[in-house]
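Trainee: I should be grateful for a close look at a single part of this model, with its surroundings described in a connected way.

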Amino acid sequence: MSYHFGSTFIPPWWLRNPHGQTLWQNVLRRCPLPATRAERLELPDGDFVDLHWTLRDSGPIVVVLHGLQGSLRSIYARGLLRALDEHGWRAVFMHFRGCSGAPNRLPRFYHAGDTGDLNVLIDTLRAREPGTPLAAVGFSLGGNVLLKWLGEQGERAPLACAAAVSVPFDLSDAAARFERGFSRFYQWHLLRCLRRSIREKFNRGTASLFGDLARLRTMREYDDKITAPLHGFAGADDYYAKSSSRQYLRHIRTPTLIVHALDDPFMTERAVPRPNELSDSITFELSRHGGHVGFVTGGYPWRPQYWLEQRVPDYLASMLG
């Protein structure tokens with residue numbers, strides 16, 4: 001397959017490695033948390049999600065969705081919230097269930113194909129302010145949720161525009177990629193976080209519920225033994241098949257920017273969707289380099305620039321006016 005590299009992102013001479021791009025912000029960037037106010041959104045099934053709003057009183061609303069085990073502490077989220085605020089928009093950051101630091105009430109958590117909570121949030125915002133333009137941005141797992149929801153909604157989606165970054169379009173491919181090379185480090189880190197969340201949520205009886213969590217050494221094993229049964233899937237393969245966003249892309253009718261790097265260490269090149277899988281509403285910007293939610297540039301390492309915090313707001317501004 002040949003690829004169309006439509007991105008303006010150019011990696012700097014000092015940071016072309018995909019793992020360097022992926023890890024730079026998390027290891028070296030200091031990005032203060034912008035001022036926010038908290039809101040707890042009650043869900044129809046009796047659970048809740050925690051929201052954090054930037055402090056502007058008016059303007060378009062941009063929903064921000066984080067990646068696997070992300071939160072408001074995630075550096076990429078803080079950077080984008082600050083950039084959205086500087087553009088004069090209101091940003092609302094939605095924690096997926098159990099990710100805000102407060103365990104959610106029900107046994108279930110969240111997963112890459114769970115679009116129900118996002119739908120409740122969008123419906124709530126539309127009911128509160130029917131005339132306010134809405135947009136959404138999703139990173140990684142949150143991007144998969146957003147694209148799947150947009151595909152499910154089709155022409156009914158009440159968003160002016162959307163953007164998704166470093167999306168695992170094919171969840172089975174991503175699970176296999178985590179078992180190769182240096183990507184096993186990311187798998188080790190994510191599994192450690194997921195095991196800790198499980199232990200904190202089910203502070204008793206985890207052994208009887210799930211067996212020995214330490215024996216779950218791969219993302220596929222975790223999804224097969226925990227994600228799938230908690231959320232009604234027959235197993236990891238059933239979860240991946242039904243939750244991957246790739247199959248929904250042709251149904252998206254909302255103007256949507258997708259930013260992806262071919263060297264993303266969370267998936268292989270095979271996961272990149274082909275042009276005939278994209279609807280006419282999608283602007284797909286593929287770069288050779290950029291890592292996973294990286295896209296760091298700048299002339300010198302002591303003066304890095306975070307390209308996503310310019311590109312994503314620029315796209316939203318072109319649609320929101």
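The request and the reply below concern one helix and the space beside it.

Trainee: Which helix supplies the largest share of the lining of the largest cavity, and how is that lining made up by class?

Mentor: The model is a predicted one, and what follows should be read in that light. The largest share of the lining comes from helix 10, which contributes three residues. Helix 10 covers residues 308-320, and helix 2, covering 75-86, is likewise a source of at least two lining residues.

The cavity itself may be described next. The structure holds one cavity of 30 Å³ or more, and the space in the largest cavity comes to about 70 Å³. Its lining includes Leu308, Glu309 and Val312, together with Tyr76 and Leu80. Completing the list are Gln25, Phe139, Gly294, Phe295, Tyr306 and Trp307. Sorted by class, eight of the lining residues are nonpolar, two are polar and one is charged.

Turning to the helix, its geometry can be checked against its length. Helix 10 has 13 residues, and at 1.5 Å a residue these should span 18 Å; because the C-alpha atoms at its ends are 18 Å apart, the two values agree. An α-helix has 3.6 residues a turn, so residues three or four places apart point the same way. The buried residues of helix 10 include Leu308, Glu309 and Val312, and these three also appear in the cavity lining. Arg311, Pro313, Tyr315, Leu316 and Leu320 are buried in helix 10 as well. After the helix comes Gly321, with a positive phi near 80°.

Two further features give context elsewhere in the model. The first topic is a pair of strands. Strand 7, residues 256-261, pairs with strand 8 in the parallel sense over six bridges. Within this pairing, Thr256 stands opposite Ile282 of strand 8. Strand 8 spans residues 282-287 and is mostly covered, with five of its six residues buried.

The second topic is the cysteines. With a disulfide taken as two cysteine sulfur atoms within 2.5 Å, the count is zero. Cys99 takes part in no disulfide, and the nearest cysteine sulfur, belonging to Cys193, is 10 Å away. Cys99 is counted as buried because its relative accessible area is 8%, under the 20% limit. Cys161 is also buried, with a relative accessible area of 0%.

To return to the request, helix 10 gives three residues to the lining of the largest cavity, and that lining has eight nonpolar residues.

Technical notes. Residues numbered from 1 in each chain as written. Predicted model: local features only at pLDDT ≥ 70, side-chain atom pairs only at ≥ 80, totals over all residues. Heavy atoms only, no water. Buried < 20%, exposed > 50% of the residue type's maximum accessible area, 1.4 Å probe, protein only. Helix = DSSP H or I, 4+ residues; strand = E, 2+ residues; numbered from the N terminus. Pairing = 2+ DSSP bridges. 1 Å grid on protein atoms, 1.4 Å probe; cavity = no way out; pocket = protein on both sides within 12 Å on 5 of 7 lines; lining within 4 Å. Points joined across faces, edges and corners; volume = space filled by probe spheres on them. Nonpolar A, V, L, I, M, F, W, Y, C, P; charged D, E, K, R; others polar. Expected span 1.5 Å × (residues − 1).
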